[in-house]
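Notebook, pocket and salt bridges. I went through the structure and wrote down what I looked up, item by item.

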Amino acid sequence: METPKQTITTDDLIAAVGTEIGVSPWRTVSQTMIDRFADATDDHQFIHVDPERAARETPFGGTIAHGFLSLSLLSTLAYETIPPLEGATVGINYGFDEIRFKAPVKSGARVRARFLLVKANVRPSGWIEVAHDVTIEIEGSKKPALTARWLTLTQLPRQEETS
C-alpha cells in the first residue's frame, strides 16, 4: 500500500521558486522497458532493440533507450518526488521548452531526475502554471541524459467570492 505524500500549499509552492525541490529515486532502464516502448511507438530502430547489432555497429556498445522514453519517464519520476499541491483536482502537461538530449541512456543504466522549480503562476481561472528545469542524470556519467524546461498546469477549485 502506498503511503500518501505530504502536500504543499500554494503559498509554499510560490515561496519555493528558485529552489531544487527534489531528486527522484534511481530507476533502471531495462531492455524490456526499451522493447515495450519500441512496440508502443512503432520505433524499432536497431540501436534500441537489437543488442548484438547495436554492439557491432554503434559507438554505444549495445542498445540505448529512445530519447522520448527518457523524456516520458519524467511523469513517474515527478510523481515519486514532487509533493502534490494541496487541494489539486487535476494536473496536466502543458509543454516543454528547450529539450536537449545530451547523452544516450544505455540498456541497464540507472537514471534519476532533478527538479528545480523556476515558475509558479496562479491564474485567475484557478489553474496554476508551473515550470521546472529538469535534468535526467545517468548514474556514473558526467553528462545528463537530458535537460528541459517542463511546463505543467494544476487545477485548484475556484474560490467563491464572498460579499
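I began with K119, which is partly exposed at a relative accessible area of 34%. The model I am reading is a predicted one.

I then looked up the partner of K119. Its side chain meets that of E129 in a salt bridge, 3.3 Å from N to O. E129 is in strand β5 and K119 is in strand β4 (residues 110-122), so this pair ties together parts that are 10 residues apart in sequence. I checked E129 for exposure as well: its relative accessibility is 10%, and it counts as buried because the cut-off is under 20%. I noted the contrast within the pair: E129 is buried, whereas K119 is partly exposed.

Next entry, D133. I found it in a salt bridge with R149, where the closest N and O atoms are 2.7 Å apart. Strand β5 holds D133 and strand β6 holds R149, so the pair ties together parts that are 16 residues apart in sequence. For D133 I have a relative accessible area of 25%, partly exposed. R149, at 32% relative accessibility, also counts as partly exposed.

Which residues are joined into one network by salt bridges that share partners? I wrote down E20, R112, R114 and E137.

I also looked at R56 and E57, whose side chains meet in a salt bridge of 3.7 Å, N to O. R56 counts as exposed, with 61% relative accessibility. E57 has 44% and counts as partly exposed, because it falls short of the over 50% needed for exposed.

A reminder to myself: side chains of opposite charge can pair when their charged atoms come close. For the whole structure, the search finds 11 salt bridges.

Last, the pockets. I recorded a volume of about 560 Å³ for the largest pocket. It is lined by 22 residues, and those closest to its centre are I82, P83, P84, G91 and T154. I asked which elements each supply at least two residues of this lining. They are α6 (74-81), β3 (90-101), β5 (127-138) and β6 (146-155). Strands β5 and β6 had already come up in my entry on D133 and R149.

I sorted the lining of the largest pocket by residue type: 15 are nonpolar, 6 polar and 1 charged.

Methods. Residues are numbered from 1 along each chain as its sequence is written. This is a predicted model: local features need pLDDT of at least 70, side-chain atom pairs count only at pLDDT 80 or more; totals for chains, interfaces and linings use all residues. Side-chain values use heavy atoms; hydrogens and water are left out. On a 1 Å grid over the protein atoms alone, a cavity is a set of points where a 1.4 Å probe fits but cannot get out, and a pocket is an open set with protein on both sides within 12 Å along at least five of seven lines; lining residues have an atom within 4 Å of a point. Grid points are joined across faces, edges and corners, and a volume is the space filled by probe spheres set on the points. Helices (H or I, at least four residues) and strands (E, at least two) are DSSP runs, numbered from the N terminus. Ala, Val, Leu, Ile, Met, Phe, Trp, Tyr, Cys and Pro count as nonpolar, Asp, Glu, Lys and Arg as charged, and the others, Gly among them, as polar. A salt bridge is a side-chain nitrogen of Lys or Arg within 4 Å of a carboxyl oxygen of Asp or Glu. Buried means under 20% relative accessible area, exposed over 50%, partly exposed in between (1.4 Å probe, protein chains only).
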